[in-house]
Every structure is written in C-alpha cells, then in structure tokens.
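Trainee: Could you take one strand of this model and walk me through it slowly? I'd like to see how it sits among its neighbours.

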There are 2 protein chains.
Amino acid sequence: MTAKVVAVDVTDVRFPTSRELDGSDAMNEAPDYSAAYVVLRTDDAALPEGHGFTFTIGRGTELAVRAAQLVGERLRGMTVAELVGDLGGLWRHLTGDSQLRWLGPDKGVIHLGTAAVVNAVWDLAAKLAGQPLWRYLAGFSPQQLVDVVDWRYLRDALTPEAALELLARQEPGRTSRIEHLLRHGYPAYTTSAGWLGYDDAKLRRLCQEAVDAGWDAIKLKVGADLEADRRRCAIARSVLGPERRLMIDANQVLGVEEAVAWFRELAEFDVYWFEEPTSPDDVLGHAAIAARISPTLVATGEHTQNAVVFKQLFQAKALGVCQLDACRVGGVNEAVAVLLLAAAHGVPVCPHAGGVGLCELVQHLAMFDFVAVSGSMEGRMIEYVDHLHEHFVDPVRMRGSRYLAPTAPGYSARMRPESLAAHRFPDGPIWADTAQPAATTEGRGR
Amino acid sequence: MTAKVVAVDVTDVRFPTSRELDGSDAMNEAPDYSAAYVVLRTDDAALPEGHGFTFTIGRGTELAVRAAQLVGERLRGMTVAELVGDLGGLWRHLTGDSQLRWLGPDKGVIHLGTAAVVNAVWDLAAKLAGQPLWRYLAGFSPQQLVDVVDWRYLRDALTPEAALELLARQEPGRTSRIEHLLRHGYPAYTTSAGWLGYDDAKLRRLCQEAVDAGWDAIKLKVGADLEADRRRCAIARSVLGPERRLMIDANQVLGVEEAVAWFRELAEFDVYWFEEPTSPDDVLGHAAIAARISPTLVATGEHTQNAVVFKQLFQAKALGVCQLDACRVGGVNEAVAVLLLAAAHGVPVCPHAGGVGLCELVQHLAMFDFVAVSGSMEGRMIEYVDHLHEHFVDPVRMRGSRYLAPTAPGYSARMRPESLAAHRFPDGPIWADTAQPAATTEGRGR
C-alpha cells in the first residue's frame, strides 16, 4: 500500500462503427464509438494496473484524452493507500482543481476525463480486494458507502443521515441477493434491433431474432421522420406481440411541445417508456412531458451531466426511469450518489449501455444497486447492445436476456492489447488508411 | 463576399493573475486568467480578420483551444457570404457536428470552443458592416434577430412569434436609445474591491477609493468563512453608507440549505443580490433560495451553460438578476436567445464581466439589450473589473461608473500582438521561466 502512482497513461481508441451505421439515431447519424482509455500504474510491478475509460463517439475524443491526463496528474505520487483508503476524499481531490473546474464545472469534457480516471482507481481498488466491483462495493458498510459521495449539493434532496438509514434497511438482505444474482443474473433489454439506419426488412428480422432469443423488451430509435416511426413501431409491435415491452428513444431531437405531439402519434403502439424526448438539460421540460404522457414513462440519463441534475429530475418527478451512465457522471462515486438519490425517490435505475464497454461497466452498478441500495429488480433492466464486447478481456456474459454476474476482480474495464493497438487513433492500422474518421457532412437539421 | 475562410488560428494565452490573488474567491483560490483566442482569416487580404475568444482560468486552457480548433474546422472553405448571410444557420452548423456534440452537448469545453469561434464570426460580420457589434445587432430587423436564435429547445418558454412581437414593440424607440447610449453610456458596478484574497485594510481602502470615484454599487466575495464575511460586509457597508448597493457572491461553494442559512447571517448588511449561492446546475435549488431570501435577489449566470438552463431559471422564477456571460454560452447567437428569454420573463440582465476581455464583450450585449430587446436600464448594470484591459486594442472606456459606448467596428475582442506574444502558453516569456502555472496545491475543501 506504500506503492506510488507513477503513470496515468491515456489512449485515444476509436472503432469505425459509422461504416455500418451501428449506433445510428436521430441525433447521431454516424458515430464512431470511441474511448479515452486510462491505465493507472504504480511503482510496484507486483500490483495490478487500474483500467478505466470514458465513452465518446469519434471526433474530439482527444479532448477527453487530454482531460483525463490533466485530472490524472493529480494522482501522481499518491500512495495506493491514499488512493483506496478514502475514495470519497479522492473524488473530491480529483474534481477539486479550481482551474480545471472552471471548464465544467462537473460536466462535459472535463467530467468525462474525471470519469475515466475515477473508474480506473475503482478498478484498481476492487482488484486489490480481489473482487468484482459490484461485490467490492456490496462489502462496504452503509457508512462507508455514504462517505463515498460528495454531498455538497445534494443535501436538500437527500441527507447523508437518510441515505444511511436507507442503506441500513437493505443490509440484512445483501447475502441472499448476492446469491440470487450469482444464480439468476440480472434482466436486460436490447437496443441492437432498432438503430435508425436499419431498413424495415432488417428491423423486422432483428426484432424476430430478438424475440426468438428470449428478449421481452426492445428499444427503437425514433424522432427523425414521424411516418417512418409509425411504420417501424408497427413492425416492432407486430413482431413483439401484445405482451413484450416496446420502448422508443428520440435522442434529444425534439422540443417539449413537439415531443408530446410526437409521442401521441406513437402511443397506440403501447410504448413502455419514451427516452430522451428533449434536451438532457431540461429538467422542467421532462417534468412537463412526464405529466402529459403518463402512464408511459419518461426515461433519460445517458447525457445527464451530474448528480445535481439527476437530483432535480427526481425532485421534479420528471423521470420514470433513471438511465445512469457509468462515464457521463464522474465515475463510480457519483454513480453511487445517483443510485442513492434514485432509491430515495422511488425511481428504478435502468442504466444506459452500449457504446464501447458501457455494458461491461454498468452491470456492476445495477448489481450493486440490487444488493445494497434499492434491493429490487422490479421495473429494472440493463440496456444491452451486441457489439464491441470482443475487445474486452472480461466481456459481459449473457444467458438469454440476462446479464450473468461478473466474477473476475475489478470493473471489467480492461481492453485487449491487440484491440488497443489496432484501433488507436490516429496511428492504429484501422485508421492509418483514412487519416481522419468520416468527414463532417451532417448538419444540425431541423 | 466570395472570399473563403482559410484559417481559424487558436492561441493559448494566459495571464499570471494568481501571483497577486486578483480574482480570488471562495471557489477559485488562485486563478490565472486565460483565453482560447481565435483569429479567423480569409483568402482576401483586403478583408478584416475576425477575432474572438473564450475565457478560462489557467490549467486546461489547451482543451478550450483544441475545442475551438475542432469547431473552427467546420468554417474552412466557407465563403464570407455564407458566414454572415445566415448567422442563425451558421450557429446551427457549428454546433451540429454530432460527434462533437456528444462531448457536451452545448456545455463545458466544447461549448467554450464554440463561443470563441462564434464570437470571431460576429466580430468579422460587424467589421464588414463597419459598426461596433451592439449597433450592428441593433440594425437587424425583429425577424432577422429572431432568425439568429436556435429555437429547438426554447419554444415552451418563448415562441419565435412572441419574440417577434417583443422586438417589434421596442423598434420605434431604438434611435433615441442609441442617442442616449452615445451621450450617457451604460451603468456599471465594481468587483475590483472585494476579492477574497485581499485583507481588511486593502478591502477598506479599495471600497473608499471606489466610493470616491463615484461607484454606487460594489460586490464582495463571500462563502469561505462566515465570521470573516460578517466582518468584511460590515467594513463595506460602513464605507458605502446606507444608500449605495452592496452585493455578495459565494461562487457556488454552498448547498441550498446552507446558502439560506449563510445569507441570513449577512442580511443585516442590506444585501442587494446574492450571487452564485450554490451549484450553477441547480435550477430548483436557486428557486428555493430565491423564495426564501426575498426581497434580496438571487443572481447567477457566469457558469450557466446554455439557453436551456437559463430558460428554466426564468420559468422557475429562480433568478432576480441574469448574469449572462459572453463566452460560457455559445457566443452571440445564444446570448441573443438569453436576452430575449430574460426580457420576456421580466428579468434584468447584468452581464458577468471581468476575466480576460469579458468587459470588452458584454458591453455590446448590454447595450444591444437596451436598444432593441428590453428597452430599459432599470435594475441593470454591467460588472466592471479593473484589470487586463491594457491587453486589448479597443479596451472599454469608462466615465466614472459608466461604460461609454464603443465606436470602433467589431466586438472589441482583439488583443494586442505584443500581449499575445508575451503571454502565449507555454512558450511566451511570461511563462518560459516557470514552465507551468502555479502548482496544483488546492483541494476541494469542505
């Protein structure tokens, strides 16, 4: 534990997903799924490395890389004992450089960099404990969990004392819920069928394959063309039958009034939730939409910048489903804060996944939530997207439509060395031919 | 107008302000005021350059520089006619790269970069029209002004039609208000006296000097130490006498309940507004504070990330004073949106200034607001801080406590070549000795 941090190396990794329109939606026509990937090294070669990352979609990933380097500078020379002995204090230290804070605060590029570094520290901490992150966290006492959170801006919605009570109530059931997870895994839904760039025939085929594979909840991308959305929802509903769940996702392209009007044209297809109907910054807008599309739920979170905005979404009753992201907020500490706020307000967390390695990360958060925070799987499922898992050393394992509980020590964040080498931007062989990712041809539209 | 953009050059400029604790407050103990400075060049040497920037406070400025380069790439090859012929479309184009948008959206580093580029385009447009920016904007018809704004997320609070009516109502008085500005300038208040790093004797001396110089409104930094704040407020009030205005600014260090309690200990000093009491992201928190400290006003805005958050602050009646920043939101277009929202909701705009060149920029926004949007100076004043003006080619001109209307064409954004050369980071002579700005020793505290 006296070993010192000697390097926080950050790599720009990009996958050319835009070539197949995987991941296409109404806002993001041609993403190249990417990551700022962090490796945390100490001067003791016998210790494991910490691995973490944040997720981006192509151009500008170098900003997240540089942000992670700047935040990571604050770790240099710290001992491992200092890193993992007070993980709450560590988070405040990493976010506490006022010059860097000015660039956010606690949002956008600088917060993406924070997330990558924080995630790497937690990966290291869990590895040192010899446990997968979800079990490592589930071994914290209620007080230790409360101490992980920065309460400065949260106390008006949840006091540390109330959080402590909430956690203490769930403590007796932890062991049996860990058993349950190890045996049955955690439920999921799939987004793989419904990308906007897929034609009707491909959509129908993928929906049918999903149903055949046992999925009972599917999400479609909408928001670009109302007539096409009606056609696509009809296809999906006809394949799903009346019992399975259909969710829709507009990826922020609509205004508040427009979102309600758009939804009404699709309501006949029995939509379970309406995701990202408008700007992720619009707490009051989401609240207005939620009141008007009930009983369909409003879902958002993948772009919710930090716990302060989540807090307000809960206070305003704007959210039916909380789609916490593992990299958009400032890593594990802030994710724990959001899980506590969600549980205290009775909102189920269905984490955002897909992208690069987000499935790998959020499974830990959802499982920890089940064991120690909400204590429930009701209304909860983890997003699943079936791509890019092959680049991870400890990829998610699915059984039918359920995530199996990860067992390897750490946060499942480590990428394969050969994947890193191949996709490093701009000099990896995947990119060496093109020099630059797909040219900027898209407009803002609308 | 057929000239094409051939370069968007961005420079990292930093001033070593931390050496004197100018600009110190409860959150920002030792800022080095900095900028990502943009020069927009065309292939026609007879045309003026466009100058713009965004403001940062030291470490991480290279992120804003790179963000401006990435956003600026989208201008390359466009003709000047395309740039200035549809400035609303130009803004949507600059913010419409979905891969870059993922890094915000419309917030943090990527939006700071957008601001720098957008401000440079408007500087060029005003220079081509031969007018200072405030008069250039004041020459737009109501419809042209409405067309400058991206309405996607704003219509639930203000429709373009209602904005058009608002602007049309102010149109007949424009000429007389322009005359008024040219003769009398625009009122201001000063922050130069009240930085947290100054001792009591310096505070008293600077307050007295400000009163002697004709200032009738002064702002103090608070939030680090309640007893010290009571002492400092007592000093300021005793020098100001009962008639002049005293404002306080906590720079975001307090939680919601804590801010109300803190304020109550200072209320006896007759505080006109309480600025940045808590997280800039907390719309509902500001609304709760506003309801409980009335008739003292809540002020915020220098960290308000975009028009969507301003919209909600107005909807929630959270703001008594709107402190629009010229560089935090995405440049002139979004500033116009905020001015319209503020006027429609009856909230006076008192722009945030200080920093590097913010006084130079916001004077144009406040004056345009007076001429064409709110039509009023009631409850309005521009922040004034007396440093770094010497680095600008067209610095603000003060007469007593009033800004005189700028008359040179453009947005007053151009820095002196010798200032740029001296302060370029890391290779300018000011920095060459130190290699790095002041080391990172501060914590997050609290």
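Mentor: Sure, but let's get our bearings with the rotation axis: to place that axis, the two copies are superposed by least squares on the C-alpha atoms of residues with pLDDT of at least 70 in both. Keep in mind that this is a predicted model. Turning chain B by 180°, with 0.0 Å of shift along the axis, lays it on chain A with an RMSD of 0.0 Å. The two copies are thus related as by a two-fold rotation axis. In chain B, the residue that comes closest to that axis is B:G108, with its C-alpha at 2.3 Å.

Now zoom in on strand β5 of chain B, residues 217–221. Is it buried or exposed? It's mostly covered, with 5 of its 5 residues buried. In a regular strand, side chains alternate between the two faces of the sheet. Here B:A217, B:K219 and B:K221 point one way, while B:I218 and B:L220 point the other way.

Next, the neighbours. One is β4(B), residues 186–194, which pairs with β5(B) in the parallel sense over 2 bridges. Look for B:T190, whose bridge partner in β5(B) is B:I218. To get from β4(B) to β5(B), the chain goes through helix α10, residues 200–212, in a right-handed β-α-β crossover.

Another neighbour is β6(B), residues 245–249, which runs parallel to β5(B) and is joined to it by 5 bridges. There, B:R245 stands opposite B:A217. From β5(B), the chain passes through helix α11, residues 226–240, to reach β6(B), and this β-α-β crossover is right-handed too.

Notes:
Residues are numbered from 1 along each chain as its sequence is written. Chains are lettered from A and ligands numbered from 1 in the order in which they are written. This is a predicted model: local features need pLDDT of at least 70, side-chain atom pairs count only at pLDDT 80 or more; totals for chains, interfaces and linings use all residues. Side-chain values use heavy atoms; hydrogens and water are left out. Buried means under 20% relative accessible area, exposed over 50%, partly exposed in between (1.4 Å probe, protein chains only). Helices (H or I, at least four residues) and strands (E, at least two) are DSSP runs, numbered from the N terminus. Two strands pair if DSSP finds at least two bridges between them. A crossover is right-handed if, with the strands pointing away from the viewer, the path from the first strand over the helix to the second runs clockwise.
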